[in-house]
Amino acid sequence: MQEAMNYACGSGADCDSIQPGGPCFQPDTVFAHASYAFNSYWQRTKSAGGSCSFGGTAILVTVDPSEYSITSTPCPVLQ
């Protein structure tokens, strides 16, 4: 998952928010950071034909995953 997140962050995703001190850094887990990075990548590249498989580590969902988050500070969902 870390490798796929690194790809997303290096290929168009805006990963500043998941860096230390960023508004979406917590929870500080690879899973949470990858979810944010994958979403950012998809939102920024889908119109140009970007994919969202990340080697089988991601799926498209129709429900806002932040509604089920256990973070204490809400993180904005990218549109």
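Is Ser40 buried or exposed? Ser40 is buried, at a relative accessible area of 1%. Buried here means under 20% relative accessible area, exposed means over 50%, and partly exposed is in between, with a 1.4 Å probe and protein chains only.

Before I go on, this is a predicted model, where local features need pLDDT of at least 70 and side-chain atom pairs count only at pLDDT 80 or more, while totals for chains, interfaces and linings use all residues. Residues are numbered from 1 along each chain as its sequence is written, and side-chain values use heavy atoms, with hydrogens and water left out.

First, the overall picture. The protein has two helices and zero strands. Helices and strands are DSSP runs, H or I of at least four residues for a helix and E of at least two for a strand, numbered from the N terminus. Of the 79 residues, 28% count as buried. About 5,200 Å² of the protein is exposed, and carbon and sulfur atoms supply 55% of that area; the areas come from the Shrake-Rupley method with a 1.4 Å probe, and for residues only the protein chains shown count as cover. A contact means heavy atoms within 4.5 Å. Among contacts between residues at least 6 apart in sequence, 54% join residues at least 24 apart.

Now the core. A nonpolar core is a set of buried Ala, Val, Leu, Ile, Met, Phe, Trp, Tyr and Cys residues joined through side-chain atoms within 4.5 Å. The largest one has 15 residues, and Met5, Ala8, Ile18, Ala37, Phe38 and Phe54 touch the most other members. Two elements give two or more residues to this core, α1 (2-10) and α2 (30-45). The largest share, five residues, comes from α2. Take Ala8: leaving out residues up to four places away in sequence, Ala8 touches Ala13, Ala37, Phe38, Tyr41 and Phe54. As a general point, nonpolar side chains in soluble globular proteins tend to be buried together.

Back to helix α2, where Ser40 lies. The C-alpha atoms of Ser40 and Cys9 are separated by 8.6 Å, with their positions 31 residues apart along the chain. His33 is in α2 too, and is buried at a relative accessible area of 8%. Which residues is His33 in contact with, leaving aside neighbours within four places in sequence? They are Met5, Ile18, Cys24, Phe25, Pro27 and Asp28.

One of those contacts, Pro27, sits in the loop between α1 and α2. A cis peptide bond joins Gln26 and Pro27, with omega about 0°. Most peptide bonds are trans.

Phe31, also in α2, counts as exposed because its relative accessibility is 61%. Together with Met1 and Val30, Phe31 makes a nonpolar surface patch of about 300 Å². Patch residues have over 30% relative accessible area and no salt bridge, with like charges joined within 9 Å and nonpolar side chains (Val, Leu, Ile, Met, Phe, Trp, Tyr) within 5 Å. A salt bridge is a side-chain nitrogen of Lys or Arg within 4 Å of a carboxyl oxygen of Asp or Glu.

Last, the cysteines. A disulfide is a pair of cysteine sulfur atoms within 2.5 Å, and by this rule the count is one. Cys9 and Cys15 form it, with sulfur atoms 2.0 Å apart. Why is the disulfide of Cys9 and Cys15 left-handed? Because the torsion about the S-S bond is about -90°. Cys9 is partly exposed at 30% relative accessibility, whereas Cys15 is buried at 7%.
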